Every structure is written in structure tokens, then in C-alpha cells.
Amino acid sequence: MPTIVHGFDWPERLVVGTVGRPGERAFYLQARDGRRVTSVALEKEQSAVLAEKVSELLDEVATVDDNRFSVPASAPTELRDAAPLDQPVEPEFRAGALSLGFDPATAQVVIEAYPIDEELEIVTETDEDGEEVDAVVEIPEPAEVFQVKIPVGSARAFVERTREVVAAGRRPGDA
């Protein structure tokens, strides 16, 4: 069966947002292009890690010798998005794995989300800081994938908003 691709190339909007009160919030990654809106459910931790990894990727691209990409250090004001999620929020699936890349031909950050799959082989690896992280060894052919390609300025805005959304919840230790 072919994979269903919920693809967005240069969407009008890509945001992480929430539904619910702090402590009971559900997190969503949502893209919109025209009247087409697609949402994928995420965990809070996935949202935070995604923002961190996109930021690291942008920083890395900005430091490439003979860099032809103009990666802003912060989000351009006109790209900032503080609006709530588009309603109704009806997720296509819950993300089990996320991947991140950069397309130098178009200077776009590529974000992909895959549904939870019980067949994923997950191993624990040690990152550069000596911390243990779970990594997927191989992703079987998914039934669906959510793929979004955004320019570097929009990616900075995505990072800033996502960090704000994650930080807006309960503080660690709150009941």
C-alpha cells in the first residue's frame, strides 16, 4: 500500500500549538496552505526537542564556509506567529518519530513526522554530551508521513514560537 504523504512545500503557516489548560495540554504540529490544514499530535518533549534540533541545524547552516544562505540569528518580526491553532484540530496521527533535514537546493528546512509504529527498532545511543538518547535504527515503510519544507526565516520563527509554547505550561515540580 502506498504511503499517504501530507506534504507542504512553502506553507503559509507551520506552528506548534496546544489545546487545553496547563497540565492538561495536548500538543500539535500544524501546517496550513490555503484552506488545507493538517495537524499531527506530539508530546511536549517532542516539541521541545524539535525546536532545539531545528535551531541547531540553522546555526550549523549559518556557519558553513562560503554560505550562500542568509540564516537570520532570530525570527524576522513579520514571520512571527502568535495566533492559536486553526480549528478544529483533528490530528491525522500521533507522531512516533520525527526527522529533520536541510535542502540546499531550495534553502529549506525539511521536517517529517511519522506515526507511532510498534515495529520501530529503537536503540539507546550516547550523544556528544555523553547523554543517552533513543534513536530509531530503521523506519519501516510508514502508512503516512507529514512532511513540511520551510525557508530558514520561517524556521527561526517556528523555533521561537515552539519554545514559547513549551515554556507556557506548568513549571517543573508544579502539581
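Let's start at glycine 34, which you'll find in the loop between β3 and β4. This is a predicted model, and in it glycine 34 has a relative accessibility of 38%, so it counts as partly exposed. Along the chain, glycine 34 and glutamate 12 are 22 residues apart, yet their C-alpha atoms are separated by 7.3 Å.

**The overall layout**

Zooming out, the protein has 2 helices and 9 strands. Walk along the sequence and you meet them in the pattern β-β-β-β-α-β-β-β-β-β-α. Of the 175 residues in the protein, 39% are buried. Take the contacts with a separation of 6 or more: 65% of them come from residues 24 or more positions apart. As for the outside, the accessible surface is about 10,400 Å², and carbon and sulfur atoms account for 48% of that.

**The sheet**

Strands of a sheet pair through backbone hydrogen bonds, and they can do so in a parallel or an antiparallel way. Here, 7 strands make an open sheet with mixed pairing, and the order across it is β1-β9-β6-β5-β4-β3-β2. At the edges sit β1 (4–9) and β2 (13–19), each of which pairs on one side only. Neighbouring strands of this sheet are turned against each other by 30° on average, ignoring direction.

Two helices pack on this sheet. Helix α1 (residues 44–62) touches β2, β3, β4 (36–42), β5 (91–103) and β6 (108–115), and its direction makes about 15° with that of β5. Helix α2 (residues 152–167) touches β2, β3, β5, β6 and β9 (144–151), with its direction at about 5° to that of β2.

**A closer look at β2**

How much of edge strand β2 is buried? The strand is mostly covered, with 5 of its 7 residues buried. Its partner is β3 (residues 26–33), and the two run antiparallel, paired over 7 bridges. Within that pairing, valine 15 stands opposite glutamine 30 of β3, while valine 16 has leucine 29 of β3 as its bridge partner. The two strands form a hairpin with 6 residues between them, and glycine 20 in the turn has a positive phi of about 110°.

**Two helix residues worth clicking on**

Which residues does threonine 162 touch, once neighbours within four places in sequence are set aside? Threonine 162 lies in helix α2, and the residues in contact with it are Val16, Ser47 and Ala51. Val16 is the residue already met opposite leucine 29 of β3, and Ala51 belongs to the stretch covered by helix α1 (residues 44–62). Threonine 162 has a relative accessible area of 0%, so it is buried.

Serine 55 sits in helix α1. Buried or exposed? With 9% relative accessibility against a cut-off of under 20%, serine 55 counts as buried. Setting aside neighbours within four places in sequence, it is in contact with Arg156, Val159 and Arg163. Helix α2 spans residues 152–167, so those three contacts fall within its numbering.**Backbone spots to check**

Most residues other than glycine have a negative phi, and most peptide bonds are trans. The table lists some places in this model that go the other way.

| Site | Backbone feature | Value |
|---|---|---|
| Tryptophan 10 | positive phi, not glycine | near 60° |
| Alanine 107 | positive phi, not glycine | near 55° |
| Glutamine 87 and proline 88 | cis peptide bond | omega about -5° |

Where do they sit? Tryptophan 10 is in the loop between β1 and β2, and with 46% relative accessibility it counts as partly exposed. Alanine 107 is in the loop between β5 and β6. Proline 88 belongs to the loop between α1 and β5.

**Around the rings**

On the side-chain front, arginine 36 lies over the face of phenylalanine 8, at 3.9 Å from the ring centre. The count of aromatic pairs comes to 1.

Definitions and conventions. Residues numbered from 1 in each chain as written. Predicted model: local features only at pLDDT ≥ 70, side-chain atom pairs only at ≥ 80, totals over all residues. Heavy atoms only, no water. Pairing = 2+ DSSP bridges. Helix = DSSP H or I, 4+ residues; strand = E, 2+ residues; numbered from the N terminus. Axes fitted to C-alpha atoms, helices over the stretch in contact; angles between N-to-C directions. Contact = heavy atoms within 4.5 Å. Buried < 20%, exposed > 50% of the residue type's maximum accessible area, 1.4 Å probe, protein only. Areas by Shrake-Rupley, 256 points an atom, 1.4 Å probe, with all protein chains shown as cover. Phe/Tyr/Trp six-rings, centres within 6.5 Å; stacked < 30°, edge-to-face > 60°. Lys NZ or Arg CZ within 6 Å of the ring centre and 35° of its normal.
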